[in-house]
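Q: I'd like a close look at one part of this model: its interior and the packing around it. Please take me through it in one connected answer, as you would for a colleague at the next desk.

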Amino acid sequence: MRETTTVSLDRRSMLKLTGGVGIAGLAGCSGSSSNESYNIGMVDAQTGSLSAFGERNQRGKDLALSAVNDVGIDGSELQVTVEDSGSENQGGISAAQKLVNQDGVPFLIGAVGSGVSLAIYESVIQGTDVVQLSQNSTGLGLTEFPGLLRMSPTGRTQAVALADLIAEDGYDDVALTYVNNNYGESLAEAFVNSWDGSIAYNNSHDQEQQSYASVISEMNSSDADAWLFITYQAEFASMVNEIYSSGYEAMLYGADSVSGQNVLENTPDGSMEGMKIVVPSAPVEEENYQDFASTFESEYGQTPTSWAAYAYDCVINAALAIQAADSFTGAALGDVVRDVTRPEGEQVTSFEAASEILSDGGGPSDVDYQGVSGPIDFDENGDPVGFLQVLEVQDHSYEGVGFIRS
């Protein structure tokens, strides 16, 4: 609540008088009754090895902005200023510094890579009131930083699911390679801790190398029949091509980050047949997800991924926090950002329905937004409830073969 020396004003009255701290005077959109807008920030991977995720995020973000601004937030629109991390830690830090220190955003969505998200938190966010909500990071280490929220589920459940899946398929020995960063190291460690068989090969690799022939050769020499990859799409596509051209044979498994259209487009038909991948998943059978998917397909001519759904929900979560908070400040947004998805409130599946509850006098705890990516409901560590899906490569495409609730 903002106060003056003579009178105490509520947030909405103050906005009418001053336009609100941090609110830019920009043209309103459909449904808005003022010329003001709330501006939040987003650090995304628009270039670099994670850019495929960034493209999906931007599409999810744009659809969420349309949903929010068709209704408005107290008569104002929401804007998201996006900066590129380049898929690197330092790039993410620079992008976040610009958004927080120059643009003055009180809410930051970011980032894709777990290492980038953590670098932003430790270098820019920690010790401030700015709210950080990662759209895509699954690294296990983020759980140790409860001030860093994330929309996608922790990789710990993914590691357990991979260990169970490989064992159920009848394999005892695994050759494992992982990308040399926070994401790869933490997920690989969690897998090793969950795996009851033997680890025949366990080594990291760097990003953006010209060749991974030595890694693939060493995995083949381990004599393991199951090979597990925890890396990114570009790196994995190179590895697949080297496996295929060398004539090596093994059952391939992967963490979420190895799947994507870029991999399919840059590898030969048949090179990954039968491969299984465990990925975070949206609840695809729920009506709100199907509505989201239908809109996405109509707009972009392709089906969405869970990553686009996470980005969508980040924007909706931010918008609901803005409407529910007493002021447009990091401290006030931090007080309510978890509450608008709590199971104690009335379940709603759209921004419009949630906004109506808040507009009618309801508080943040009266709203339980059920996202298109799942029920959210952040725990004390900032981790959400989530879903996992098992994909199998069939005829050089990904087919869902099962779901796991985390």
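A: Happy to. For the helix pairs below, an axis is a line fitted to C-alpha atoms over the stretch in contact, and an angle runs from 0 to 180 degrees between N-to-C directions. Please also keep in mind that this is a predicted model.

With that in hand, let us start with helix 2 (residues 51-71) and helix 13 (residues 351-359), whose axes lie 9 Å apart and form an angle of about 40°. Angles under 35 degrees count as roughly parallel and 65 to 115 as roughly perpendicular; helix 2 and helix 13 are therefore oblique to each other. Their crossing is right-handed. On the helix 2 side, the contact is made by Ala-67, Val-68 and Val-71, and these meet Phe-351, Glu-352 and Ser-355 of helix 13. By residue class, the contact of helix 2 with helix 13 holds 4 nonpolar residues, 1 polar and 1 charged.

Now for another helix pair. Helix 10 (residues 287-300) and helix 11 have axes that come within 12 Å and cross at roughly 105°. That angle makes helix 10 roughly perpendicular to helix 11. Helix 10 brings Tyr-289, Phe-292 and Phe-296 to the contact, while helix 11 brings Ala-308, Ala-309 and Tyr-312. The residues here divide into 6 nonpolar, no polar and no charged.

Phe-292 leads us on to the nonpolar interior. In soluble globular proteins, nonpolar side chains tend to be buried together. The largest nonpolar core of this model has 84 residues, and Phe-292 is among the members that touch the most others, along with Ile-40, Leu-78, Phe-107, Phe-191 and Ile-230. Helix 11 (residues 306-324) gives the most to this core, with 15 residues. A second core, separate from that one, has 23 residues, including Tyr-212, Val-263, Leu-264 and Met-272.

What does Ile-230 touch, leaving aside its neighbours within four places in sequence? Its contacts include Leu-176, Thr-177, Tyr-178 and Val-179, and also Tyr-183, Gly-184, Leu-187 and Ala-188. His-205 and Ala-255 are in contact with Ile-230 too.

Finally, a few spots in the loops deserve a look at their backbone. The loop between strand 13 (367-369) and strand 14 (387-394) holds Ile-376. Phi of Ile-376 is near 65°, a positive value in a residue other than glycine. Is Ile-376 buried or exposed? Buried means under 20% relative accessible area, so Ile-376, at 1%, is buried. Pro-375 lies in that loop between strand 13 and strand 14 as well, and with a relative accessibility of 14% Pro-375 also counts as buried. Its C-alpha atom is separated by 9.6 Å from that of Ala-282, although these two residues are 93 residues apart along the chain.

His-396 sits in the loop between strand 14 and strand 15 (397-405). His-396 has a positive phi of about 60° although it is not a glycine, and it counts as buried at 12% relative accessibility.

One peptide bond rounds off the tour: the bond from Gly-110 to Ala-111 is cis, with omega near 15°. You will find Ala-111 in the loop between strand 4 (107-109) and helix 4 (114-125).

Note on methods. Residues numbered from 1 in each chain as written. Predicted model: local features only at pLDDT ≥ 70, side-chain atom pairs only at ≥ 80, totals over all residues. Heavy atoms only, no water. Core = buried A, V, L, I, M, F, W, Y, C linked by side-chain atoms within 4.5 Å. Buried < 20%, exposed > 50% of the residue type's maximum accessible area, 1.4 Å probe, protein only. Helix = DSSP H or I, 4+ residues; strand = E, 2+ residues; numbered from the N terminus. Contact = heavy atoms within 4.5 Å. Parallel < 35°, antiparallel > 145°, perpendicular 65-115°, else oblique. Left-handed = near helix turned anticlockwise from the far one by under 90°. Nonpolar A, V, L, I, M, F, W, Y, C, P; charged D, E, K, R; others polar.
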